[in-house]
Amino acid sequence: MEEEKRGPEVAPLSFPDLSLALPYQDALLYAQNRLKMIARGGLLPFCEAHRFPYTTIINLKNGNLKKEEPRLLHRLLRSLDVQNELLQFPPDSPSQRFLLPDGEALATFQAQLACLTSTD
């Protein structure tokens with residue numbers, strides 16, 4: 001009876017592997033380039049389907065955001081199939097990082113970012 005009152009047991013929060021954390025600027029650059037890949041006329045339906053504010057996504061895509069938008073970027077990356085969690089590190093930093101689940105996800109992200117930003 002006592003266990004029912006406490007609710008389900010929650011796993012403890014482990015210390016994150018900081019080598020899997022992306023800086024805000026890398027995550028932003030990735031998202032901007034992925035958004036630019038969406039065919040003309042496809043961005044509005046994408047925003048509607050994922051419930052993103054269209055104007056803000058356009059500003060993000062074009063590098064015109066007035067301030068960092070880590071929560072929006074976190075959601076956007078997830079919508080682009082980049083699983084991540086927001087991480088405030090170092091704790092007093094004004095920017096947040098994006099923690100990927102494992103080394104494979106990090107390698108995939110880095111390879112895709114390199115492809116997106118190559119000048120060839």
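These questions and answers walk through a predicted model, from its sheet to its core and its aromatic pairs.

Student: In what order do the strands of the open sheet stand?

Tutor: The sheet is open and has 3 strands. Their pairing is antiparallel. The order is β1-β3-β2.

Student: Which strands stand at the edges of the sheet, and why is one side of each left without a neighbour?

Tutor: Look for strands with a single partner. β1 (21–22) has a single partner strand, and so has β2 (85–87), so one side of each is left without a neighbour in the sheet. The edge strands are β1 and β2.

Student: Which residue stands opposite Glu85 in β3?

Tutor: Start with the pairing of the two strands. β2 pairs with β3 (residues 97–99) in the antiparallel sense, over 3 bridges. Opposite Glu85, in β3, stands Leu99.

Student: Which helix packs on the sheet, touching β2 and β3?

Tutor: The helix covers residues 70–79. Its direction makes about 150° with that of β2. It is helix α5.

Student: How many residues are in the largest nonpolar core, and which element gives the most to it?

Tutor: The core has 28 residues. Phe46, Ile57, Leu60, Leu73, Leu76 and Leu77 have the most contacts inside it. Several elements supply at least two residues each, among them β1, α3 (43–50), α4 (54–61) and α6 (103–117). The element that gives the most, with 6 residues, is α2.

Student: Which residues does Phe46 touch, not counting residues up to four places away in sequence?

Tutor: Phe46 is one of the residues with the most contacts inside the largest core. With residues up to four places away in sequence left out, Phe46 touches Leu35, Ile38, Phe52, Leu76, Ser79 and Leu80.

Student: How many residues apart are Tyr24 and Phe98, which form an aromatic pair?

Tutor: The count of aromatic pairs comes to 3. In this one, the ring centres are 6.1 Å apart and the planes make 35°, a tilted pair. Tyr24 lies in helix α2 and Phe98 in strand β3, so the pair links distant parts of the chain. The separation is 74 residues.

Student: Are Tyr24 and Phe98 buried or exposed?

Tutor: Buried means under 20% relative accessible area. Tyr24 has 4%. Phe98 has 0%. Tyr24 is buried, and Phe98 also counts as buried.

Student: Is the pair of Phe46 and Phe52 stacked or edge-to-face, and why?

Tutor: Phe46 is buried at 13% relative accessibility, and Phe52 is buried at 7%. Their ring centres are 6.0 Å apart. Planes under 30 degrees apart count as stacked. Here the planes are at 25°, so the pair is stacked.

Notes
Residues numbered from 1 in each chain as written. Predicted model: local features only at pLDDT ≥ 70, side-chain atom pairs only at ≥ 80, totals over all residues. Heavy atoms only, no water. Pairing = 2+ DSSP bridges. Helix = DSSP H or I, 4+ residues; strand = E, 2+ residues; numbered from the N terminus. Contact = heavy atoms within 4.5 Å. Axes fitted to C-alpha atoms, helices over the stretch in contact; angles between N-to-C directions. Core = buried A, V, L, I, M, F, W, Y, C linked by side-chain atoms within 4.5 Å. Buried < 20%, exposed > 50% of the residue type's maximum accessible area, 1.4 Å probe, protein only. Phe/Tyr/Trp six-rings, centres within 6.5 Å; stacked < 30°, edge-to-face > 60°.
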